[in-house]
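Here are a few notes to go with the model you asked about. Have a look at it first, then read on.

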Amino acid sequence: MQQITLTQPDDWHLHVRTGDMLKTVINHTARQFSRAIIMPNLQPPVTNVAQALNYQQEIQQATSRQYNFTPLMVLYLTNATTVEDVQQASLSPAIHAFKLYPAGATTNSDQGVTDLNAIYPIFAAMEELNVPLLVHGEVTDPEIDIFDRERVFIEQKLSVIHQHFPDLRIVLEHVTTSDAVQFVQQAPDNIAATITPQHLLYNRNAILVGGIKPHYYCLPILKRETHREALVKAATSGNPKFFLGTDSAPHLTHLKENSCGCAGCYSAYAAIELYAEAFDKAGALDKLEGFASFYGADFYQLPRNTQQITLEKTDWQVPEHYPVTEKEQLTPLKAGEILHWKLQA
């Protein structure tokens, strides 16, 4: 197959930051996707409707008018989130979910929840008002091996939340293990998962073999090859519980390439092309449209898009960097390498 036309996809997990970085990255997403769930882990985090509306306006102002792109806003759960916050969010057409970051789990998660039991009234309100819960599914106990943190979170935390709130709609974000795949497959239809391009394309060797490669470092971290294979099988299965969420997370190059490099892969510049690579390698391009364009919209109870995009099988070289300011730059995933699918203008 040399060309594939898809209903325009959506990105159900995206970081775009603010300021110069936002202006650098937002049109990479807008040229491909009709909508995107915007993650709220800014500094300070987006915790209420008013802040989310201001952030949405900033995103819209940074987006080129040639694109018909809608940012879908999310609020950051903290220990101080109230039932009233959930009620206000449920009444706002701009707000589509709350995001649960266990405190210390990833970038800008220091204000995340420290005691899940304490926010059970919040989960109850979300369940009643049909507001989805988006979960960064890792425990933060330093005694737990980093490669086991997703599995342990599912066993010790997520399973318990689901038992207490069986009708709460939950997205287990950026799943990385066969354990997560199995949990979602066996759960009812109100439990779903997003899968990133890096977790479909790479295992942990990409970070570690031949020296440390910081631009492949993300959280949850890349896992063993057996887990990558399980993710590919889930993504290409046609199961509507799995859908596209890039977790594209831009960081300045010098903040990635230092002694304490930050977590996150920047994939938005060619997200749909990266997914096409993964699906093509699996011989499952016919399953890409459902995964990218249909299942996420269905889960979020939004209409499917009607516009289309076309990808061509043609080689092109990924830029080494994208400029952010005169002195600062952003390094994309697969910088300087060859991609084999390209989005038509």
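**Notes on the fold**

1. Start with helix H5 (residues 149–164), which lies across strands S5 (95–100), S6 (133–135), S7 (170–172) and S8 (191–195), and runs at about 170° to S7. Helices (H or I, at least four residues) and strands (E, at least two) are DSSP runs, numbered from the N terminus. Angles run from 0 to 180 degrees between N-to-C directions of axes, which are lines fitted to C-alpha atoms, for helices over the stretch in contact.

2. A word on the basis: this is a predicted model, where local features need pLDDT of at least 70 and side-chain atom pairs count only at 80 or more, while totals for chains, interfaces and linings use all residues. Residues are numbered from 1 along each chain as its sequence is written, and side-chain values use heavy atoms, with hydrogens and water left out.

3. Now the sheet: eight strands, parallel in their pairing, make an open sheet ordered S2-S3-S4-S5-S6-S7-S8-S9. S2 (11–14) and S9 (242–244) are the edge strands, each pairing on one side only. Two strands pair if DSSP finds at least two bridges between them.

4. At the S2 edge, two bridges join S2 to the parallel strand S3 (residues 35–38). Leu14 has Ile38 in S3 as its bridge partner.

5. Finally, where does Ser267 sit? Look in the loop between helix H10 (253–256) and helix H11 (271–281). Ser267 counts as buried (under 20% relative accessible area, 1.4 Å probe, protein chains only) because its relative accessibility is 0%.

Methods. Contact = heavy atoms within 4.5 Å. Buried < 20%, exposed > 50% of the residue type's maximum accessible area, 1.4 Å probe, protein only.
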